[in-house]
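Thanks for coming, everyone. I have one structure to go through today, and I will take it piece by piece.

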Amino acid sequence: MSLPKPNPRPKSRPKPGDLQARLRSAYPDARCALDHADPFQLVVATILSAQCTDARVNLTTPALFARFPDAASLAGARLEDLESLIRSTGFYHNKARNLIGLGQALVARHGGVVPADPAALGALPGVGQKTANVVLANAFGVPALAVDTHIFRVARRLGLSKATTPEKVEADLCRQFPREDWIELHHQLIFHGRRVCDARRPDCSACPLLDLCPVGLGKVKDPHLGMKLQVPASGLPTSALTPLPPPSSSPLRIVSLVPSVTELLVQWGLAAQLVGRTRYCIEPRWIRNSVPTVGGTKDPDLARIRDLAPDLVILERDENPKEAAEALTALGIPWLALQIRSVKDCAAALRQLGARLGVSEAAEPRAQALEASLKGRRRKGPRTLALVWKQPWMSAGPDTYMGDLLRQGNLTPIGPDGYPVLSEEDLQDLAPRLILLPSEPYPFNRRNQAELQKRLPAAEVRLVDGRALTWYLSRTEEGLELARSL
Ligand code: SF4
């Protein structure tokens with residue numbers, strides 16, 4: 001992209017006509033990024049795209065539409081079948097329920113056909129204003145301007161809106177631009193947000209809108225990052241943000257010492273860059289045959305790691321020993337250590353990893369969705385003891401990631417902090433109302449459940465999916481759903 005000549009006295013907001021001319025020449029190919037063949041496929045794909053990248057949705061929908069090609073087949077789908085097909089798009093319990101409800105509503109109210117009427121569309125299960133606008137615009141050519149995370153950010157940076165909700169930003173944009181241009185503008189702003197105006201690292205020096213942008217020229221604070229972007233003496237930014245490390249090429253040879261991070265990297269499409277994993281990094285199953293192991297999480301084989309010549313090793317401070325990081329430093333191998341003790345930490349870690357691995361586009365919506373899910377008042381639910389080991393009994397305390405997950409799910413985690421050993425008397429004294437027996441790290445089974453239930457008859461003892469509760473990042477959304485369902 002060529003650099004435009006800077007305007008020495010930029011206006012606080014660009015003229016709509018100037019902006020459209022620039023966007024048209026920069027993004028002549030701007031179009032809907034969700035693959036679809038008809039309105040039904042588009043409404044399904046748009047529902048799946050909530051808190052998920054379009055690329056991930058496009059990987060998911062071919063198998064989904066092969067199995068459920070129309071509203072009638074979706075209406076009769078079994079929940080488990082649907083969940084297994086859309087699992088990788090996140091929040092799959094809710095999405096699957098909405099899709100079945102969508103199929104049933106389309107059959108019952110519209111003869112199995114997606115309506116082109118905004119009110120009828122908006123009344124369908126899982127279809128909010130944004131989804132309705134996307135479907136109206138792309139399937140029926142009805143002028144609409146759905147504001148997603150990219151448009152929200154770019155519009156505010158360009159000074160087109162000061163509003164703090166997508167609905168108000170949408171109203172501001174619709175007021176300023178001709179109705180017949182809304183669909184085109186929607187796609188152009190999304191392309192611009194994805195390709196240039198990144199959430200964390202806007203590439204202002206290569207931006208085709210630079211001389212029109214008050215934020216890029218350092219005139220006003222970036223409303224998204226809450227700080228001014230640095231502008232050098234020449235008036236042109238050479239890099240977007242000084243507090244971040246200088247941009248470097250994304251790592252090509254990654255060793256992951258954290259099982260759930262390994263799974264996350266595969267979810268982000270980085271499997272080809274994974275050159276090493278611990279023997280506990282076993283999801284998805286197929287990596288067991290294709291990515292070599294480098295020991296365990298507590299005792300990584302440093303000689304093996306060195307031989308693999310990685311340009312990044314990923315660790316987690318509680319999961320891996322600090323000596324491993326020290327040894328990597330001595331070997332001159334770059335590493336990145338996360339620290340995760342809460343759901344909030346997960347949002348920060350997603351952003352940190354996304355920026356380092358060059359996949360902020362995949363990381364940011366997920367981080368934002370997690371943060372959004374933490375808002376609102378929590379109820380103080382039943383006193384809940386999460387056991388993680390037997391002989392001796394050990395629990396996950398309130399200050400651990402699992403403790404926070406339970407708290408966010410409106411339960412009240414109890415017991416000492418950390419991972420304490422508990423005696424039989426401790427179990428009685430804690431008087432839990434709910435006892436959770438996860439399937440890992442200790443493989444609790446029905447016999448353990450029955451034994452414990454006999455000893456503590458006042459408590460409800462439940463077997464639960466251990467990976468949902470302990471695999472942070474790759475399964476945090478699943479863990480939240482599980483905790484809330486309890
Ligand atoms: S100049 Fe920078 S902040 Fe402004 S639109 Fe371009 S990339 Fe975004």
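A word on terms before the details: a helix here is a DSSP run of H or I with at least four residues, a strand is a run of E with at least two, and both are numbered from the N terminus. Keep in mind that this is a predicted model.

I will start with helix 8, residues 129–140. Just after helix 8 comes Gly141, which takes a positive phi of about 70°. The end C-alpha atoms of helix 8 are 15 Å apart, and its 12 residues should span 16 Å at 1.5 Å a residue, so the two figures agree. How many of the 12 residues of helix 8 are buried? Nine are, which leaves the helix mostly covered. The buried residues form an unbroken list from Thr131 through Ala132, Asn133, Val134, Val135, Leu136, Ala137 and Asn138 to Ala139. What do they pack against? Their partners are helix 2 (39–48), helix 7 (118–122) and helix 11.

That brings us to helix 11, residues 182–195. With 14 residues, helix 11 reaches 20 Å from its first C-alpha to its last, close to the 20 Å expected. Its buried residues include Ile183, Leu185, Leu189, Ile190 and Phe191, and also His186, Gln188, His192 and Gly193. The buried residues of helix 11 pack against helix 8, and also against helix 1 (16–26) and helix 9 (149–157).

Next, the ligand. It is surrounded by 14 residues, and the closest are Cys197, Cys204, Cys207, Cys213 and Gly216. By class, 11 residues of that shell are nonpolar, two are charged and one is polar.

Now the open sheet. It has four strands in the order 2-1-3-4, with parallel pairing. Strand 2 (274–277) and strand 4 (335–338) stand at the edges with a single partner strand each, so one side of each has no neighbour in the sheet. From one strand to the next, the twist averages 20°. Strand 1, residues 254–256, runs parallel to strand 2, and three bridges join the two. Which residue of strand 2 is the bridge partner of Ile254? That is Leu274. Helix 12, residues 259–267, lies across strand 1, strand 2 and strand 3 (312–316), and runs at about 140° to strand 1.

Further along the chain is helix 17, residues 360–373, which contains Gln368. Is Gln368 buried, exposed or partly exposed? Burial takes 20 or more other C-beta atoms within 10 Å, and exposure takes 12 or fewer. Gln368 has 16, so it counts as partly exposed. Gln368 and Ala348 are 20 residues apart in sequence, and their C-alpha atoms are 9.7 Å apart in space.

The last piece is a set of antiparallel pairings. Strand 5 (residues 383–389) and strand 6 (residues 393–396) run antiparallel and are joined by three bridges. The two form a hairpin with three residues between them, and Gln391 in the turn has a positive phi of about 55°. Within this pair, Leu387 stands opposite Ser395 of strand 6. Strand 6 also pairs with strand 8 (residues 421–422), in the antiparallel sense and over two bridges. There, Trp393 stands opposite Leu422 of strand 8.

That is what I have for today.

How values were computed. Residues numbered from 1 in each chain as written. Predicted model: local features only at pLDDT ≥ 70, side-chain atom pairs only at ≥ 80, totals over all residues. Near = placed C-beta within 6 Å. Nonpolar A, V, L, I, M, F, W, Y, C, P; charged D, E, K, R; others polar. Pairing = 2+ DSSP bridges. Axes fitted to C-alpha atoms, helices over the stretch in contact; angles between N-to-C directions. Contact = placed C-beta atoms within 7 Å. Expected span 1.5 Å × (residues − 1).
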